[in-house]
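Could you walk me through this structure in my viewer, one selection at a time? I am new to this, so please tell me what to click on and what I will find there.

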Amino acid sequence: MINNQSVTQKLIDIVGQEFVIVDKQDMIVYESDGTHDRGMPDYVALPSSVDEVSKLVILANESNIPIIARGSGTGLSGGSVPVKGGLIISLNRMNKILDIDPEKGIAKVEAGVINLEISNKASEFGFFYAPDPSSQQVCTIGGNVAENSGGPHCLAYGVTTNHILAIEVVLLTGDIVWFGDFNKENNGIDFRGLFIGSEGTFGICTKVVVKLIKKPEMVKTFLIAFNSILDAANATTAIISSGIIPASIEMMDKTASQAAEESTNVGIPKNSDTVLLIEIEGFEDEVTEQELLIKDILNEFDPIEIKLAANEKQRELFWKARKGVFAALGRLAPNYYLVDGTVPRTKLAPVLSEVNRLSKKYGLIVANILHAGDGNLHPCIIFDQQIPGNTEKALSLGGEILKICVENGGVLSGEHGIGYEKKEYMPLLFSNHDLENMKNMKNIFDSKELFNPGKIFPSSRE
Ligand SMILES: Cc1cc2nc3c(=O)[nH]c(=O)nc-3n(C[C@H](O)[C@H](O)[C@H](O)COP(=O)(O)OP(=O)(O)OC[C@H]3O[C@@H](n4cnc5c(N)ncnc54)[C@H](O)[C@@H]3O)c2cc1C
């Protein structure tokens, strides 16, 4: 699609000249997200209010232009990539925290607010917002809603959908509606739940009411070094099977933890093969009791070292090592392809062995980073796209890993969504009937297939 002068003028009339981009060079930044997928938009508009979003959607609808909502573009499934061109509606200017209500334990925010800013603001009242994607310093709450994002602390607290009370949405007609309820659980059909995780294919989320959680009385954070990845995987299963649900259990294999060590000097022993980062929190008595139980379980797996964060500064360093590991892997090669699959926790050890076998078969290094407590694998395939054929190799290795996840009773995504990247794998998991039902649901919101076309559904269903 080639951008047309009259549409451009109408966009300018809605959001102002300064907030419309049509120059190809300026739009390059909107061509991709955190994946390798690419697609050039025809127009980018940056609205400042829900009314402007509504007018933009009406214009795009009347002109049959695809509409792609975009937060910070940190998505890892090609979700915000305009693979069929169209209008990107960037929510970054709608970044106000509108209200924090400590009495009700809720916050009302615009969709372009950065995830971490909610916790930073809520902390003034002794609260935090639980879902904490590792990208939380950058990603938006609107993107989190669209992807139903997870994060290290979602093991105990649950993912995004468990923390959203209500959302304001702009529909294809331009109508502005609220799904959910500020004060109580939903009654009737849960459109809020339906919209969360729909990856921008149902409408544009413009405001979000989130639940806030009181900060715990005590937090203890451990970094445990193991001799093997299997010991770490089995220790994870043993802890959860004992009935303890820590706030998080994160795992980094040898490649990942060594890269993290080099970038942070967090103190991972040189002879360590795999590390777990475990955090427990709650009332003091409860945490003290859990600490003893967890140490007993860990000792059954002969750990090299159990390190307890001595203070908040050291705890932050532990988390910096984990949350900064993707950037740290940039030391090994210029490109990586981050796979996101989930398996039942008990299958972690055999699936990781398979990933190792595939890494050797393809001759590409795979660093494994896991939300281990959730059975959510993030094999990170490291490669150099300048080497001919390397990108294709990485993508097909990623595909084989996803097939293994599904064969082991898992699913195609733990948190990054299907987007463009994984849509062709959907038939691995869903029958024709399932896909038909999903398509019917999409048609209720978007019969013209204008919202984020080319995503989620395999090409045969487009
Ligand atoms: C280093 C790194 C670490 C990460 N760690 C995690 C992690 O721990 N857990 C996790 O779940 N994810 C993680 N991610 C993935 C990503 O950060 C999340 O998917 C995040 O929710 C995307 O937010 P965003 O604002 O960047 O959205 P974008 O990438 O801009 O968009 C993502 C999708 O949401 C849609 N969308 C965006 N805003 C809206 C809106 N307002 N209304 C409707 N649809 C919208 C887009 O169309 C697109 O389909 C990580 C990414 C990186 C780069």
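Start with the open sheet in this predicted model: select its four strands, which run in the order β1-β2-β4-β3 with mixed pairing. At the edges you will find β1 (20–21) and β3 (67–70); each has a single partner strand, so one side of each is left without a neighbour in the sheet.

Now add helix α1 (residues 5–15), which packs on the sheet and touches β1 and β2 (43–45). The direction of α1 makes about 5° with that of β2.

Next, select β3 together with β4 (residues 87–90). These two strands pair in the parallel sense, over four bridges. Which residue of β4 does I68 stand opposite? Look for I88.

Then show helix α3 (residues 50–62): it lies across β2, β3 and β4, and runs at about 170° to β4.

For the last stop, move to helix α13 (residues 348–362). With 15 residues at 1.5 Å a residue, α13 should span 21 Å, and its end C-alpha atoms are indeed 21 Å apart. Colour L348, V351, L352, V355 and S359, which are buried. Look down the axis of α13: the buried residues fall within an arc of 100°, so they line one face of the helix. What covers them? Among the elements to select are α8 (229–241), β18 (365–371), β19 (376–383) and α14 (390–407). Turn to the other side of α13 and you will meet R357, K360 and K361, which are exposed. Finish at G363, which follows α13 and has a positive phi, near 65°.

Terms used. Residues are numbered from 1 along each chain as its sequence is written. This is a predicted model: local features need pLDDT of at least 70, side-chain atom pairs count only at pLDDT 80 or more; totals for chains, interfaces and linings use all residues. The expected span of a helix is 1.5 Å times one less than its number of residues. A residue is buried if 20 or more other C-beta atoms lie within 10 Å of its own, exposed if 12 or fewer, and partly exposed in between; C-beta atoms are placed from the backbone. The arc is that of the directions from the helix axis to the C-beta atoms. Two residues are in contact if their C-beta atoms, placed from the backbone, lie within 7 Å. Two strands pair if DSSP finds at least two bridges between them. Axes are lines fitted to C-alpha atoms, for helices over the stretch in contact, and angles run from 0 to 180 degrees between N-to-C directions.
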